[in-house]
Amino acid sequence: MTSAPREAEARVGPVGALLSRLLFLAICLPGPVLLATAVTLDPPRSAADFWGLLAGGVLATIIGVGFGVFGWRVVSRSRRDARRLSAAGVAATAEILAVANHLAGENPELELHLRISGPGFATFEADTIRATDPALVPGAVLAAVVEPADRLFLII
């Protein structure tokens with residue numbers, strides 16, 4: 001049995017991946033720095049300063065490391081998806097079956113229900129979100145790339 005179709009993460013190039021990972025690493029650092037400062041501060045400050053630095057360090061570590069690890073994994077997944085599609089992806093077509101407005105955020109977007117078909121895999125249906133475009137109407141055909149083994153797809 002094959003897995004459910006999944007749209008590939010947005011492509012991130014090597015320079016963008018490096019810069020993103022450096023940024024996420026920088027987001028992780030303030031919490032541990034505050035913790036180290038609280039523990040190793042010489043001369044020792046007052047108890048209120050110590051506990052304030054310690055609490056701030058713990059909170060900043062939890063939030064910063066959580067967000068940093070999440071961002072790092074998104075970048076890694078994007079790069080992995082791009083490598084899989086370039087190595088094993090086959091050209092496909094995605095026919096738009098239905099279009100609906102998608103209201104999430106400030107920019108209006110469209111939710112597309114697609115039927116994706118091509119050589120080497122069974123036709124399947126999937127949903128994607130795209131920026132509003134008058135050309136995106138039911139019946140329109142879009143180019144796609146599909147990795148047949150697990151139905152990872154990218155609309156080009």
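1. Let me start with strand β3, residues 109-117, in this predicted model. The strand has two distinct faces: Leu110, Leu112, Leu114 and Ile116 make up the covered one, while Glu109, Glu111, His113, Arg115 and Ser117 sit on the uncovered one. If you colour the strand by side chain, that alternation is what to look for.

2. Both partners of β3 come through hairpins. On one side, β2 and β3 pair antiparallel over nine bridges, and Asn101 is the residue standing opposite Leu110. Six residues separate the two strands in this hairpin, and Gly105 takes a positive phi near 100 degrees. On the other side, β3 and β4 run antiparallel, joined by eight bridges, with Arg115 opposite Glu125 in β4. That hairpin also has six residues between its strands, and here Gly120 in the turn has a positive phi of about 90 degrees.

3. Zooming out, these strands belong to an open sheet of six, ordered β1-β6-β5-β2-β3-β4, with mixed pairing. Which strands stand at the edges? They are β1 (6-7) and β4 (124-131); each has a single partner strand, so one side of each is left without a neighbour in the sheet. The partner of β1 is β6 (residues 152-155), and the two pair in the parallel sense over two bridges. Within that pairing, Glu7 stands opposite Phe153.

4. Helix α3 spans residues 47-88 and lies across β1, β2 (90-102), β5 (141-147) and β6. Relative to β5, the helix runs at about 95 degrees. Keep α3 in view, as it comes back in several of the points below.

5. Now the charges. Seven salt bridges turn up in a search of the whole structure. One of them joins Asp81 to Arg6, with the closest N and O atoms 2.8 Å apart. Asp81 belongs to helix α3 and Arg6 to strand β1, so this pair ties together parts that are 75 residues apart in sequence. Are the two ends buried or exposed? Asp81 is buried, at a relative accessible area of 0%, whereas Arg6 is partly exposed at 23%.

6. Strand β1 has another such link through its other residue, Glu7. Arg130 forms a salt bridge with Glu7, and again the closest N and O atoms are 2.8 Å apart. Because Arg130 lies in strand β4 and Glu7 in strand β1, the pair ties together parts that are 123 residues apart in sequence. Worth a look on screen: β1 and β4 are the edge strands of the open sheet. Both side chains count as partly exposed, Arg130 at 24% and Glu7 at 23% relative accessibility.

7. The salt bridge between Arg84 and Asp150 has an N to O distance of 2.1 Å. This pair links distant parts of the chain, with Arg84 in helix α3 and Asp150 in the loop between β5 and β6, 66 residues apart. Arg84 is partly exposed at 25%, and so is Asp150 at 22%. The pair doesn't stand alone, either: Arg84, Glu147 and Asp150 are linked in a network of salt bridges.

8. For a change from charges, there is a nonpolar patch on the surface. Its members are Val15, Leu18, Leu19, Leu22, Leu25, Leu29, Val33 and Trp72, and together they have about 780 Å² of accessible area. Which element supplies the largest share? Helix α1 (residues 14-28) does, with five residues. Trp72, by contrast, is found in helix α3, and this residue is partly exposed, with a relative accessible area of 38%.

9. Last, a residue in α3 that's easy to skip past: Thr61. At 18% relative accessibility, Thr61 counts as buried, the cut-off being under 20%. What does Thr61 touch, leaving aside neighbours within four places in sequence? The contacts are Gly31, Pro32, Leu35 and Gly66. Val15, one of the patch residues, is 46 residues from Thr61 in sequence and 27 Å away in space, C-alpha to C-alpha.

How values were computed
Residues numbered from 1 in each chain as written. Predicted model: local features only at pLDDT ≥ 70, side-chain atom pairs only at ≥ 80, totals over all residues. Heavy atoms only, no water. Pairing = 2+ DSSP bridges. Helix = DSSP H or I, 4+ residues; strand = E, 2+ residues; numbered from the N terminus. Contact = heavy atoms within 4.5 Å. Axes fitted to C-alpha atoms, helices over the stretch in contact; angles between N-to-C directions. Salt bridge = Lys/Arg side-chain N within 4 Å of Asp/Glu carboxyl O. Buried < 20%, exposed > 50% of the residue type's maximum accessible area, 1.4 Å probe, protein only. Patch = residues over 30% accessible without salt bridge, like charges linked within 9 Å, V, L, I, M, F, W, Y side chains within 5 Å. Areas by Shrake-Rupley, 256 points an atom, 1.4 Å probe, with all protein chains shown as cover.
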